[in-house]
Amino acid sequence: MLEDKNPQKTSLAELGEFGLINHITQYFKVENASTIKAVGDDAAVLEASEKQTLVTTDLLIEGVHFDLSYMPLKHLGYKAVMANLSDVYAMNGVAEQITVSIAVSNRFSLEAIEELYAGIQLACSTYKVDLIGGDTTSSTKGMLISITAIGKANKADVVYRNGAKETDLIVVSGDLGAAYLGLQVLEREKQVFKVNPNNQPDLDNYTYLIERQLKPEARKDVPLILKELGVKPTAMIDISDGLSSELFHICTQSKVGCKIYEEKLPLDPQVISACEEFELDSTMVALSGGEDYELLFTVPITDFEKIKGNPNFSIVGHITAQNQGLNLVTRANQEIELKAQGWNALKGK
Ligand SMILES: [Mg+2]
């Protein structure tokens, strides 16, 4: 359904490595004054600054982290950059540079690599980030992508995972669970396509879900909105593995417990209807779904008025003493212990 039908294929060997690098980096522009030299020398050169430097890396492997049968290469490139930028924003910083290294088997043509880099370039230009280096090499099987993002923040602005305090409010940006359901829809269509390749899927009811899976956006705006509101989170993390597991990271590192409320979890209407259709519990999906790339943070209770009613944010609970553990209060006002992968009532599902 989503595979490339373009018959034009140029083998990578025809260009050679330097030809390939020149070819795929020609459309990248330098956006940041801190980038003195990007691609084209032995090393990139960055201007040092008074600020602190944030560095984060991800390694993505075909068949483990992505499936090219429904993930177009352009989207893969975009999403791989988003996953890294999201980590910089989760430190309350500004992302300025990335390096991208890929290994590909001879199954991939030049045109395929161009598609991948078109997505990377779109991400760079949209988020004002410079591609400053990387490597391309061959793999015996499939594709590997490693991206490193470099960002900056004032020392006083950096937010760690370990600063949450008892009574702090727990806040999430955007909504949760849509990326996971987008994956369920795409997996289902992949199975249908296997049986009947002529089937034209009707995906109109799932547009938001599929977009959240295939073209997520990192929350560059959240650190800026918080600054405008005069709010500095006490702890922050991005939601890449699901709300539950991110809460575990914050609570473990901050040595606190938490209580979150089922009725407060932000869900898009498409999430609710798709959960009914797939017979999934929307709360489990919100807690364990992953890949939403929203931000989860805690703020002092004195900031309640500043956060309350802001359309970007939902207050989902509060921090408690460590000995209280991590708990979910259900709509029926029952308290259930949170597990790193969702809550125990859903185990084995
Ligand atoms: Mg992260």
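**View 1. Contact between domain 1 and domain 2 in the predicted model.** In this contact, 15 residues of domain 1 meet 19 residues of domain 2. On the domain 1 side, helix α2 (residues 73-89) contributes the most, with 9 residues. Sorted by class, this side of domain 1 holds 9 nonpolar, 4 polar and 2 charged residues. The domain assignment places domain 1 at 12-153 and domain 2 at 169-346. A distance of 27 Å separates the C-alpha centres of domain 1 and domain 2.

**View 2. The open sheet β3-β6-β4-β5.** The sheet has 4 strands, and their pairing is mixed. Strands β3 (52-61) and β5 (130-138) each have a single partner strand and therefore form the edges, with one side of each left without a neighbour in the sheet. On average, and with direction ignored, neighbouring strands of this sheet are turned by 15 degrees against each other.

**View 3. The pairing of β4 with β5.** Strand β4 spans residues 94-104 and runs parallel to β5, to which 8 bridges join it. Within this pair, T99 lies opposite G133 of β5.

**View 4. Strand β7 and its surroundings.** Strand β7 covers residues 169-173, and 5 of its 5 residues are buried, so the strand is largely enclosed by the rest of the structure. The burial applies to both faces: L169, V171 and S173 lie on one side, I170 and V172 on the other.

**View 5. The partners of β7: β10 and β11.** Strands of a sheet pair through backbone hydrogen bonds, in either a parallel or an antiparallel sense. The pairing of β7 with β10 (residues 294-299) is antiparallel and comprises 4 bridges. Here V171 faces F297 of β10. The pairing of β7 with β11 (residues 313-320) is also antiparallel, and it comprises 5 bridges. S173 has F313 of β11 as its bridge partner.

**View 6. The annotated position D241.** An unreviewed UniProt entry gives the feature "binding site" at D241. This residue sits in the loop between β8 (235-239) and α7 (243-254). D241 counts as partly exposed because it has 18 C-beta neighbours inside 10 Å, where 20 or more would make a residue buried and 12 or fewer exposed. Apart from neighbours within four places in sequence, D241 is in contact with E246 and G290.

Conventions
Residues numbered from 1 in each chain as written. Predicted model: local features only at pLDDT ≥ 70, side-chain atom pairs only at ≥ 80, totals over all residues. Pairing = 2+ DSSP bridges. Helix = DSSP H or I, 4+ residues; strand = E, 2+ residues; numbered from the N terminus. Axes fitted to C-alpha atoms, helices over the stretch in contact; angles between N-to-C directions. UniProt positions renumbered as here; feature names shortened; annotations may be inferred. Contact = placed C-beta atoms within 7 Å. Domains from an automatic or database assignment. Nonpolar A, V, L, I, M, F, W, Y, C, P; charged D, E, K, R; others polar.
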